[in-house]
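This report introduces a structure to a reader who has not met it before. Please look over the sequence and the model shown here before reading on.

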Amino acid sequence: MKNRGFVLPAALLLPLALAGCGTGSGSAADGGTVTVTVGYQSKTINTVTAGTLLRSLGYFEDELNALGGKTTYKVDWQDYATGAPITAQMTAGKIDIGSMGDFPLLLNAARGKQLGKPTRLVAATGYNLRGGLNTIVTAPDSKLGTLADLKGRKVSTSVGSAADGTLVRALKDAGLDADKDIEKLNQQPAVGASSLTSGSADALSQFVAWPGLLTYQGKAKALYDGAQLDLPTFHGVTAREDFAKQRPAVLEAFLRAQAKATDYLDEHPVEAAEKVADATGLPAEVVYLYNGAHGIATFDPSLKPELIAALKKDVPILKAAKLTGDVDVDAFVDDHYVREALGTSYDKRLAAAPAPAAGEVWPKGATKTEEFKTPAELLAHVATHKDGIRAAYVPDATTGTQWFADKAVWVADGDQLLPFVAPATAKAYVAGHDGAEIITYAAALDRAS
């Protein structure tokens with residue numbers, strides 16, 4: 001790290017310091033009881049295979065029991081709203097394993113290096129190769145239609161988060177400077193959601209599950225689909241280096257349990273969404289939007305080269321915002337624990353691709369969704385089964401980002417009915433296709449039926 005004297009800004013240090021004041025994991029010699037403390041974010045639902053879902057399934061405890069020997073293990077699950085307090089507790093030696101998004105992971109690496117308490121990125125969780133995990137939304141009745149319309153407006157985000165990174169990059173592509181052309185409100189996700197609904201913020205840039213939740217509730221509509229950046233976003237698992245070296249078998253047990261939870265989610269996506277909904281209070285329909293069979297996120301513990309390359313591209317964004325100095329990403333990433341834990345299956349997971357985009361209908365009372373090859377076929381089904389449908393999802397015609405069918409922007413192009421997450425991409429499509437027009441959802445249903 002070139003900038004060895006870099007100090008994180010006071011705005012970040014204060015919450016980190018406060019968060020690190022609680023009690024944490026204990027340690028014991030082999031033959032005693034060892035408490036393994038896991039920090040997770042229950043409502044950041046693209047970390048569920050390393051947090052909420054994993055906890056509900058009990059797989060980590062099962063793996064620890066299977067280790068045998070004289071040591072007894074206890075797992076202390078600690079739930080947080082963001083990655084910053086998890087990082088604070090890790091560098092204080094009070095959390096052993098944590099999960100968070102890509103920008104917080106870099107801050108985790110920087111903070112650990114700064115304090116001489118290094119951490120390592122040991123696995124991935126939920127990811128989207130185009131960046132669809134972050135969305136910019138506005139109020140349902142907002143007249144704002146493009147990013148350019150945000151000039152001079154108040155935009156809420158969480159500084160240092162992946163959603164903030166999406167905001168900065170998206171505005172730059174639109175010819176705007178996030179530091180000069182908007183009034184950025186640095187707020188926690190829940191506070192930002194309240195600001196948007198109360199009218200004290202004109203837009204909100206956030207990570208899962210907030211954009212989907214607010215849209216589902218009728219409290220927001222999409223302005224910008226993060227997948228338009230075509231740059232991967234992901235969440236990952238980080239571990240304290242000293243913990244990993246002292247108890248590699250425990251870390252590998254966690255990673256095996258995470259892989260089992262991933263397989264469970266892939267094989268039982270509806271049941272997994274219901275479990276996460278029960279644990280978090282989020283609507284299962286929103287959880288499924290992100291974590292479903294064709295959801296916005298793909299879950300896989302392997303550390304794919306595309307994800308690591310994207311992480312390196314994130315460093316300059318954080319540096320420009322003066323949130324960190326240089327971060328040696330290659331030194332931070334350590335895949336040998338997950339390779340050891342998963343054995344020959346690791347390379348298969350590493351080579352696996354996300355599920356192809358597809359429309360899905362979730363019938364009421366069903367434990368499986370129904371898939372449709374085209375949006376028109378899905379709409380025709382919805383039109384004739386309105387009272388029997390719990391939720392319907394369609395992939396954006398440009399980015400592939402899954403969205404609620406009734407919240408999408410619809411375009412009619414001849415016999416085709418095409419959904420889009422954001423109005424700008426729909427308008428761009430119409431501009432490039434003679435005869436294409438934006439229509440209402442009701443009109444799209446009528447045309448399909």
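How do the residues of the lining of the second largest cavity divide into nonpolar, polar and charged? Eight of these lining residues are nonpolar and one is polar, while no charged residue is found among them. The model discussed here is predicted.

**The second largest cavity**

The space in this cavity amounts to about 30 Å³. Its lining consists of V48, L53, L265, P269, A272, A273, V276, V287 and N291. Two helices, helix 11 (269–280) and helix 12 (284–291), supply at least two lining residues each. Helix 11 provides the largest share, with four residues.

**The largest cavity**

In total, the structure holds two cavities of 30 Å³ or more. The largest encloses about 80 Å³ of space. It is lined by 15 residues, and those nearest its centre are T166, R169, L229, L231 and T233. The elements that contribute two or more residues to this lining are helix 5 (102–114) and helix 6 (162–173). With four residues, helix 6 accounts for the largest share. By character, the lining of the largest cavity comprises five nonpolar, six polar and four charged residues.

The table sets out the two cavities side by side.

| Cavity | Volume | Lining by character | Largest share of lining |
|---|---|---|---|
| Largest cavity | about 80 Å³ | five nonpolar, six polar, four charged | helix 6, four residues |
| Second largest cavity | about 30 Å³ | eight nonpolar, one polar, no charged | helix 11, four residues |

**The sheet and helix 6**

Attention now turns to a sheet. Strands of a sheet pair through backbone hydrogen bonds, in either a parallel or an antiparallel manner. Here, five strands make up an open sheet with mixed pairing, arranged in the order 7-6-8-5-9. At its edges stand strand 7 (183–186) and strand 9 (221–225), each of which pairs on one side only. On average, neighbouring strands of this sheet are turned by 30° against each other, direction ignored.

Within the sheet, strand 5 (residues 134–138) and strand 8 (residues 203–207) are joined in the antiparallel sense over five bridges. In this pairing, V137 is placed opposite L204 of strand 8. Helix 6 packs on the sheet and touches strand 5, strand 6 (154–157), strand 7, strand 8 and strand 9. The direction of helix 6 makes about 70° with that of strand 5. Helix 6 thus appears in both parts of this account: it packs on the sheet, and it gives four residues to the lining of the largest cavity.

Conventions
Residues numbered from 1 in each chain as written. Predicted model: local features only at pLDDT ≥ 70, side-chain atom pairs only at ≥ 80, totals over all residues. Heavy atoms only, no water. 1 Å grid on protein atoms, 1.4 Å probe; cavity = no way out; pocket = protein on both sides within 12 Å on 5 of 7 lines; lining within 4 Å. Points joined across faces, edges and corners; volume = space filled by probe spheres on them. Nonpolar A, V, L, I, M, F, W, Y, C, P; charged D, E, K, R; others polar. Pairing = 2+ DSSP bridges. Axes fitted to C-alpha atoms, helices over the stretch in contact; angles between N-to-C directions. Contact = heavy atoms within 4.5 Å.
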